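Grab a pencil and work through these exercises with the model open beside you. Try each task before you read its solution.

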Amino acid sequence: LDDAPPLSRPVPLLSTAPTPAGQTGLEDDAEMREIFLEEAREVIGNAHQALAALADAGNDIAEMTSVRRAFHTLKGSARMVGLTAFGEAGWSCEQLYNARLADQASADASLLALTSDILAYLGDWVEAIALRRDAGHRPDDVAAAVERWRAQGTHGRLADVEAAESQLDVAALVREAVAKREQLTIEPAWTSTTRDLAEEIS
């Protein structure tokens with residue numbers, strides 16, 4: 001008995017099943033899904049800010065690159081957590097901006113309008129994902145809008161953009177407030193607090 005080898009604890013068997021092709025293994029990870037939602041909201045907000053800057057300087061390559069990067073991030077993050085359809089929508093827009101940057105073309109009013117509507121559509125889609133509901137968002141809607149814009153210079157309306165447009169566009173509100181302030185003649189009736197607020201808005 002003294003020569004018997006020491007007993008060892010059984011080693012738990014680890015699953016060796018490979019992750020199916022086209023999947024990341026994070027599709028059902030609730031925590032990763034929440035991280036995606038948080039990041040997507042931030043990225044879409046940053047893209048809106050870049051559009052506001054492009055409205056004043058359509059040939060700003062840095063801001064156009066920021067928009068392209070936003071769509072690239074949305075594509076990759078969505079695919080990572082199994083939201084393939086959302087990722088495809090982001091991919092369509094990334095390709096649009098890749099081509100635009102390659103051609104060194106500026107962001108004109110029609111491109112900005114298209115992009116703004118798509119960002120609103122994606123923003124509404126993000127909230128639908130957060131609520132775990134199917135609100136009818138489809139990557140084909142985005143792809144069709146992009147192709148229509150390429151062919152006709154206009155894109156019509158995306159299906160859910162009207163609902164998404166109810167969200168406040170802070171950049172637009174600030175610009176409007178500044179424009180109104182510049183048109184007004186400041187009268188003595190203004191208090192110092194009002195002046196301070198106006199300065200903060202500008």
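Before you start, note that this is a predicted model, where local features need pLDDT of at least 70, side-chain atom pairs count only at pLDDT 80 or more, and totals for chains, interfaces and linings use all residues. Residues are numbered from 1 along each chain as its sequence is written, and side-chain values use heavy atoms, with hydrogens and water left out.

**Exercise 1: The overall fold**

Work out how many helices and strands the protein chain has, and what share of its residues is buried.

Step 1. Go through the secondary structure, where helices (H or I, at least four residues) and strands (E, at least two) are DSSP runs, numbered from the N terminus. You should get eight helices and zero strands.

Step 2. Write the pattern along the sequence: α-α-α-α-α-α-α-α.

Step 3. Sort residues by relative accessible area: buried means under 20%, exposed over 50%, and partly exposed in between (1.4 Å probe, protein chains only). Areas come from the Shrake-Rupley method with a 1.4 Å probe, and for residues only the protein chains shown count as cover. Of the 202 residues in the protein chain, 32% are buried.

**Exercise 2: Checking a helix**

Compare the expected span of helix α4 with the distance between its end C-alpha atoms.

Step 1. Helix α4 covers residues 109–130, which is 22 residues.

Step 2. The expected span is 1.5 Å times one less than the number of residues, and for α4 that comes to 32 Å.

Step 3. The end C-alpha atoms of α4 are 32 Å apart, so the two values agree.

Step 4. Now look at cover: 16 of the 22 residues in α4 are buried, leaving the helix mostly covered. After α4 comes R132, with a positive phi near 55 degrees.

**Exercise 3: Following the salt bridges**

Find which residues are joined with R68 into one network of salt bridges.

Step 1. Use the rule for a salt bridge: a side-chain nitrogen of Lys or Arg within 4 Å of a carboxyl oxygen of Asp or Glu. The structure holds seven of them.

Step 2. Start with E94 and R68, whose closest N and O atoms are 3.2 Å apart. This pair links distant parts of the chain, with E94 in helix α3 (residues 84–102) and R68 in helix α2 (residues 61–80), 26 residues apart.

Step 3. Next, K75 and E94 meet at 2.9 Å, N to O. Here too distant parts of the chain are linked: K75 sits in α2 and E94 in α3, 19 residues apart. K75 and E94 are both buried, and R68 is buried as well.

Step 4. For another salt bridge, take R150 and E147, at 2.8 Å, N to O. Both lie in helix α5 (residues 139–152), three residues apart, about one turn of the helix. An α-helix has 3.6 residues a turn, so residues three or four places apart point the same way. R150 is partly exposed at 41% relative accessible area, and E147 is partly exposed at 44%.

Step 5. Back to the task: salt bridges that share partners join R68, K75 and E94 into one network.

**Exercise 4: Two spots on helix α1**

Say where E34 and A53 lie, and whether each is buried, partly exposed or exposed.

Step 1. E34 is in helix α1 (residues 30–56), and A53 is in α1 as well.

Step 2. E34 has a relative accessible area of 48%, so E34 counts as partly exposed. A53 is partly exposed too, at 27%.

Step 3. Finally, A53 and E63 are 10 residues apart in sequence and 7.1 Å apart in space, C-alpha to C-alpha.
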